[in-house]
Amino acid sequence: MTSLNRIAILAAAVAAVPIAAAAAQGGGMTASGTLVGPANAQRGTVMVTDAPTGVLVRIEASGMTPGWHAIHFHEKGVCSDQGFKASGAHVHRGKAAPVHGLLNPAAKDSGDLPNIYVGADGTAQAEVFSTLVSLRGAGKRPALADADGSALVVHANADDYKSQPIGGAGDRIACAVIK
Ligand SMILES: [Cu+2]
């Protein structure tokens, strides 16, 4: 191949992947938030990276109660109220209430995520991946960075991945606005 041909092929390949299309497919954009507990006390950070088939989530937390805890994406980017109820229900498609549970065959809950484990020292470091959402709507998956934003909420108990409405996860104990 002459170098001229090579340049022509390279130019064609670049033209075939315009920047907008790359972003629509999940172009590595990130969003992050500060994890807060009761009385707005800082509990760590949450980082979400858009990926071609979903989102990668990194959580670094401290000052938490040891043990397994459910985490979910909730539908509104609000973590300022006592109890974090303002973050709403889980991220989901359409108007109907979602059917929850990663191990539930009928599930339609886009906010579902696997549990995290907090060690005896009250810290947790975890990376989890979800194919159920996107940051900005890639793959027609619900967008975390939509008009009203979203939040990552940590619950008091583990998620059993089956029971309704939230897998027995209990109270909301920490919350991070994703933006
Ligand atoms: Cu939840």
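Where in the chain is the place of A39? In this predicted model, A39 is placed in the loop that runs between β1 (30-36) and β2 (42-51), and N40 lies in that loop between β1 and β2 as well. The backbone at both positions deserves attention, since most residues other than glycine have a negative phi, and most peptide bonds are trans. A39, although not a glycine, has a positive phi of about 55 degrees, and N40, which is likewise not a glycine, has a positive phi of about 65 degrees. A39 counts as exposed because 6 other C-beta atoms lie within 10 Å, and N40 also counts as exposed because it has 12 C-beta neighbours inside 10 Å, the limit for this class being 12 or fewer.

The strands on either side of this loop form a hairpin, with five residues between β1 and β2 and with A39 in the turn. The two strands pair in the antiparallel sense over seven bridges, and within this pairing A31 has V48 of β2 as its bridge partner. The arrangement continues from β2 into β3, where a hairpin joins the two strands through two residues. Here the pairing of β2 with β3 is again antiparallel and extends over eight bridges, with A51 standing opposite G54 in β3.

Beyond β3 (54-61), the chain passes through a loop that leads to β4 and contains P66. P66 is classed as partly exposed because 13 other C-beta atoms are found within 10 Å, a count that falls between the limits of 12 or fewer for exposed residues and 20 or more for buried ones. Although P66 and Y117 are 51 residues apart along the chain, their C-alpha atoms are separated by 7.4 Å. When neighbours within four places in sequence are left aside, P66 is in contact with V118, G119, A120 and G122.

A further loop, between β4 (67-69) and β5, holds A70. With 25 C-beta neighbours inside 10 Å, A70 is buried, because 20 or more such atoms suffice for that assignment. A70 and P114 are 44 residues apart in sequence, yet the distance from C-alpha to C-alpha is 6.9 Å. Residues up to four places away in sequence not being counted, A70 touches N115, H155, N157, A158, D159, G167 and A169.

Strand β5 (residues 71-74) is covered on both faces. In a regular strand the side chains alternate between the two faces of the sheet. In β5, I71 and F73 lie on one side and H72 and H74 on the other, and all of these residues are buried. The strand runs antiparallel to β8 (residues 150-155), to which it is joined by four bridges; within this pairing, the bridge partner of H74 in β8 is A151.

A distinct backbone feature is present in the loop between β8 and β9 (172-178), where P165 is found. The peptide bond leading from Q164 to P165 is cis, with omega near 0 degrees.

Note on methods: Residues are numbered from 1 along each chain as its sequence is written. This is a predicted model: local features need pLDDT of at least 70, side-chain atom pairs count only at pLDDT 80 or more; totals for chains, interfaces and linings use all residues. Two strands pair if DSSP finds at least two bridges between them. Two residues are in contact if their C-beta atoms, placed from the backbone, lie within 7 Å.
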